[in-house]
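Work through the following exercises with the sequence and the structure at hand. Each task is followed by a solution in steps.

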Protein chains: 2
Amino acid sequence: MRKKNSPLIETIAVGSELLTPYYQDTNSLYITSQLNDLGLKVRFKTIVGDDHASLLSCFKLALKRADLIFIIGGLGPTSDDMTREVFAEASGRELEFRNDLLDYIKSRFQRRGLIMTSSNKKQAFVIKGSEVIENKVGTAPGLWIEDSGITAVLLPGPPIELKTLFESGVMPRMEKYRKGFNARKVLKITGITESSTETLLSDLYPKSPEIELSVLAYPGQIEVHITGHSFSSLENAESMIDPLVNSLKGRLKNHLFSENNEELEEVIGKLLLKNNYTLSTAESCTGGLLGHRITNIPGSSKYFLQGVQVYSNQAKTKLLNIDEDVINQHGAVSASVAELMAEGIRKISESDFGLAITGIAGPEGGTKEKPVGLVFTALSWNNGTKVEKNVFVGMRVSVKSQATQKAMDMLRRQILFKNTKQRKDIL
Amino acid sequence: MRKKNSPLIETIAVGSELLTPYYQDTNSLYITSQLNDLGLKVRFKTIVGDDHASLLSCFKLALKRADLIFIIGGLGPTSDDMTREVFAEASGRELEFRNDLLDYIKSRFQRRGLIMTSSNKKQAFVIKGSEVIENKVGTAPGLWIEDSGITAVLLPGPPIELKTLFESGVMPRMEKYRKGFNARKVLKITGITESSTETLLSDLYPKSPEIELSVLAYPGQIEVHITGHSFSSLENAESMIDPLVNSLKGRLKNHLFSENNEELEEVIGKLLLKNNYTLSTAESCTGGLLGHRITNIPGSSKYFLQGVQVYSNQAKTKLLNIDEDVINQHGAVSASVAELMAEGIRKISESDFGLAITGIAGPEGGTKEKPVGLVFTALSWNNGTKVEKNVFVGMRVSVKSQATQKAMDMLRRQILFKNTKQRKDIL
């Protein structure tokens, strides 16, 4: 047995489709996340096709260099699937037929009114000396093979089967490998750039190797991940990161919109619901993305009344009663039109808030004065309207996405802090 | 030198972040696609962190088992980046400092008005005996090391640098490994299930190993990929798959919406533009996703006039003049309301086509008569209105996505074939 205290872990994803340009091995991300929670890290990730020679060499190598091996996929009923057979060969073991497994597989087919094909019989073979890990959502059981301090776990490839089986059957067996407990916290922020975030937080980067801080940037959103690792308990891990989390929150202030892994549309949904407010939207360049995001939240019909996508100028005047002269004077992409859009949709819909977006998503349509990425976002409520001028960088879809993020953030800040910028500030 | 005619290829993605739950190695998909075009396949994909021992063992292993090794990442200026140094060690070579590279790196900084940090000096070191592959979009050059029939290529990790460098500097050098020419074709279809597609095409699966056919299914869309491989020329590869492509098109008929890798919103955009038609939309359960997809296409303002997201019943009556009695009698999710929505938005906007969606996206709101996933899609034009009743399977976001796909497909079929089902067929 090698290095008992920190097992060398390798994942092997099996499948010729994973060696094409079309498929990613996403299962190993899930397994990595689960192992991290036990204080364990993955050292090697291997991806290999369904051919005998390649599988055999990968399995033999893993048995030589790793203490814990997770082999994912290739347990299905077709002739391509040979993980079970080749791993038996690599580890010098035999296969044995298990009647109880065959009965279980048969019963799964019967329950769905189907007849088991003869090819499924293959899945009733197990590697001698292995523990069977029950698969409650598929026909391929997992296998746990432990010998001389090396453990190999054979897992089915379909993600839903893998996750269900891993949680119920693998994690309990993994307790003996636990090196500690991980506490994780994700702070989601918006309204501040990645570099400003880095500068703001630069002196808070933890010195201790037990605490990790990483900043991940997406268009219009930044996530600050904090991980704490304790040898003794989850509570201990949590209390290790608490001071850092609190310092971070003190720095991030109103930019922080979620510490519970929510999307911004979820956050504003909860705020609207809690305060019994209603919302309507008027979109130009985003074309419906704002409404789409808001209505991705189940139950959004309780607060989202309606939206309009006023792409043409005629729609702006007819649907929202915007004076044609204002459009002619300031242009459809202007603070004035954004303001009138927000006010217009609020009045028409009789909702508490009206949220509006007009801008130039690109790639065409930009000028020197009004470049691609210029977007005005506006929020109207019963005694005020605010407009913000933004210049977003990126492709059309990214500009649309950032614009909706900004609009929703204006609403969030107004409800929570009443502190979005005044219109006169930006004109 | 091993097996000259079919080199064993391994990709090694380097980076500790690739061993966390947050990052995928996407670079290898790009490389795989490029290699496939040369008639080459990847045999092993390895992912390894930035630690000396792991890197060294992976590199040594690859030098032993592979003929062509692509090592991606770890060429940056920080102390974490050690691909160059460790590969030199693994292959028994020395590093040498290249003044010309330092000058180039310095000039890149100068052009951007920045001063080069001393850590970037590291990037001017190359492995002795290697060819430098110029990096036009970053500071880390690529390295091509060829010895005794084994070739290793060191490549920068940032995807834009990798792609630019691979195309300009690696592909030309790869010509001598070319095993042939690949012709690829993707047929995109909608309006038919995956299993129906499989049945429809089952007898067309090619017998020859030079032609590959694969069917990839997404919610509301299926892609049929055809790859032909010829030893002599691209033209030959194309003419090899032509008969199959034609047979497939004959079977797929009107379900085929693109053979040029377009999205459905792009296809209907072109059809509208070509025929000088305009379109407006009325959405309930999709909340704006239809308008969002349509306006993702640059230039869509030429044919998309406006949309409304009539989430509340009040919005349906007020914005679209739908009789309250119809909503009360049939319900907001009904063929009658879908029909009136499509007609209403077409009249209000004075557009040629009105497209409408009303349904139950879930997870709440379903009943026995009207289950979650029930969606009515309707299309109205100057002398007719058609409605289709759909029951989509999946989560809220997937139901929304399938609904927009179906609505756009009704428009496509109407313009091209005038053959969507009549309203009376489905009531």
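**Exercise 1: across the chain boundary**

In this predicted model, A:Val310 stands opposite B:Gln306, a residue of strand 14 of chain B.

Task. Find which strand of chain A is joined to strand 14 of chain B, and in which sense the two run.

Solution. Start from the pair A:Val310 and B:Gln306. The strands joined are strand 14 of chain A and strand 14 (residues 304-310) of chain B. They run antiparallel, with 5 bridges between them.

**Exercise 2: the side of chain A that touches chain B**

Task. State how many residues of each chain are in contact, then list the contributing elements and the residue classes on the side of chain A.

Solution. Step one: 48 residues of chain A contact 48 residues of chain B. Step two: the elements of chain A giving two or more residues to this side are helix 1 (27-36), strand 2 (42-48), helix 9 (289-294), strand 14 (304-310), helix 10 (313-320) and helix 13 (396-417). Step three: this side of chain A divides into 22 nonpolar, 21 polar and 5 charged residues.

**Exercise 3: an open sheet in chain A**

Task. Give the strand order of the open sheet of 4 strands in chain A, and explain why one side of strand 10 and of strand 12 has no neighbour in the sheet.

Solution. The order is 10-11-9-12, with antiparallel pairing. Strand 10 (211-218) and strand 12 (256-258) of chain A are at the edges and have a single partner strand each, so one side of each lacks a neighbour in the sheet. From one strand to the next, the twist averages 30°.

Next, take strand 10 of chain A with strand 11 (residues 221-230) of chain A: they pair antiparallel over 8 bridges. Within this chain, A:Val215 has A:Val224 in strand 11 as its bridge partner.

Finally, helix 6 (residues 194-201) of chain A lies across strand 9 (181-189), strand 10 and strand 11 of chain A, at about 160° to strand 10.

Conventions: Residues are numbered from 1 along each chain as its sequence is written. Chains are lettered from A and ligands numbered from 1 in the order in which they are written. This is a predicted model: local features need pLDDT of at least 70, side-chain atom pairs count only at pLDDT 80 or more; totals for chains, interfaces and linings use all residues. Two strands pair if DSSP finds at least two bridges between them. Axes are lines fitted to C-alpha atoms, for helices over the stretch in contact, and angles run from 0 to 180 degrees between N-to-C directions. Two residues are in contact if their C-beta atoms, placed from the backbone, lie within 7 Å. Ala, Val, Leu, Ile, Met, Phe, Trp, Tyr, Cys and Pro count as nonpolar, Asp, Glu, Lys and Arg as charged, and the others, Gly among them, as polar.
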